[in-house]
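Dear colleague,

Please find the structure we discussed below, with the sequence alongside. My notes on what was found in it follow.

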Amino acid sequence: MQQSQQQTQTAYEEIQIYSHALEISYQDLRAFKHDYSNILLSIQEYIDEEDLSGLRDYYHNQLKATQKLVTPTFNRLDDIQNIGSSEIRSIILHKLNHAQGLGITSSLEIPKALLVKPIFDTIQLVRLLGILLDNAIEAAQESTNPSLSIAVFKQVGDEMIIIGNTYSALIPKEQLLQKNPRSTKDPKRGIGLQNAASIVKQENSLFLETQITDRYYTQIITIHQEE
């Protein structure tokens, strides 16, 4: 009964997060529609006066910059619907909104419907995603050009979730590759990574791989789909 109550509470909290994230996205959409009307009015004078040179200058110096503010939100709204689990949708959308609010360039790629019915408790995957995304956001903030990317796709029957982020160039790759999950900078981060390792260890169909390049720290979650 206690476990059931805890799962119900967790599910409720995730629904609240998802609803809040959708409300933010809806407010962004309303704001953009309002701004779009003003943008059309702002270019009307150039068109009426056939001032092509002025219009070109206005576009490149002012209008083009607004694309960076609008595109990430609309891409996320399009792709997030391809995740079949509402709990997983909520945690991903919430973390992406949080990252964008911190000024981190964010992207999401989910080409088709996935994560419809994981063969294990989705709460475990939500916990794992929460830990990895929190660490990815924190690490990205420490980099020169903060960036976060999430991709979900199917490969040979398995479902893959790839989380990539930039990290500080001051941190040697050898330190990131250390097997000990403890962090000398933040004890909470170490505890989180230990919890992530524990979750993966508990689920036979869940695997986690780390890849590191000079720019990106990438976590690859593989969800093995049993026949």
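**Overall picture**

Of the 227 residues of the chain, 37% count as buried. Please bear in mind that this is a predicted model. The chain has 7 helices and 5 strands, and from the N terminus on these elements run α-α-α-α-β-α-β-β-α-α-β-β. Among the contacts in the chain with a separation of 6 or more, 69% come from residues 24 or more positions apart. The accessible surface of the chain comes to about 14,100 Å², and carbon and sulfur atoms account for 51% of that surface.

**Helices α4 and α5**

Helix α5 covers residues 122-141. At 1.5 Å a residue, its 20 residues should span 28 Å, and the end C-alpha atoms are indeed 28 Å apart, which agrees. The helix is mostly covered, as 16 of its 20 residues are buried.

Helix α4 takes up residues 86-101. The 16 residues of α4 should span 22 Å at 1.5 Å a residue, and this agrees with the 22 Å between its end C-alpha atoms. Its buried residues are I88, R89, S90, I91, I92, L93, K95, L96, N97 and A99. Just after α4, G103 takes a positive phi of about 85°.

How are these two helices placed with respect to each other? Two packed helices are described by the angle between their axes and the distance between the axes. For α4 and α5, the angle is about 10° and the axes are 9 Å apart. Angles under 35 degrees count as roughly parallel, and α4 and α5 are therefore roughly parallel to each other. On the α4 side, the contact is made by E87, I88, I91, I92, K95, H98 and A99. On the α5 side, T122, L125, V126, L129, G130, L133, D134 and I137 take part. An α-helix has 3.6 residues a turn, so residues three or four places apart point the same way. By class, the contact of α4 with α5 has 9 nonpolar, 3 polar and 3 charged residues.

**The loop between β3 and α6**

Two residues of the loop between β3 (158-166) and α6 (173-176) may be of interest to you. S168 is placed in this loop, and so is L170. Which of the exposure classes applies to S168, and which to L170? S168 counts as buried, at 11% relative accessibility, whereas L170 is exposed, with a relative accessible area of 78%.

Leaving aside its neighbours within four places in sequence, S168 is in contact with A139, E142 and S143. S143 lies 25 residues from S168 along the chain, and the C-alpha atoms of the two are separated by 4.2 Å. For L170 and S143, which are 27 residues apart along the chain, the separation of the C-alpha atoms is 8.9 Å.

**Individual residues elsewhere**

T222 has its place in strand β5 (residues 216-223). With a relative accessible area of 17%, T222 falls below the 20% limit and is therefore buried. Leaving aside neighbours within four places in sequence, T222 is in contact with D158, E159, M160, S205, L206 and F207.

S198 is located in helix α7 (residues 187-202). Its relative accessible area of 34% makes S198 partly exposed. The C-alpha atoms of S198 and L128 are separated by 9.5 Å, and these residues are 70 apart along the chain.

E50 is found in the loop between α1 (2-48) and α2 (52-63). Its phi is near 55°, a positive value in a residue other than glycine. At 71% relative accessibility, E50 counts as exposed.

When you go through the model, you may wish to begin with the pair α4 and α5, whose axes are 9 Å apart, and then turn to S168 in the loop between β3 and α6.

With kind regards

Methods:
Residues numbered from 1 in each chain as written. Predicted model: local features only at pLDDT ≥ 70, side-chain atom pairs only at ≥ 80, totals over all residues. Heavy atoms only, no water. Helix = DSSP H or I, 4+ residues; strand = E, 2+ residues; numbered from the N terminus. Buried < 20%, exposed > 50% of the residue type's maximum accessible area, 1.4 Å probe, protein only. Contact = heavy atoms within 4.5 Å. Areas by Shrake-Rupley, 256 points an atom, 1.4 Å probe, with all protein chains shown as cover. Expected span 1.5 Å × (residues − 1). Axes fitted to C-alpha atoms, helices over the stretch in contact; angles between N-to-C directions. Parallel < 35°, antiparallel > 145°, perpendicular 65-115°, else oblique. Nonpolar A, V, L, I, M, F, W, Y, C, P; charged D, E, K, R; others polar.
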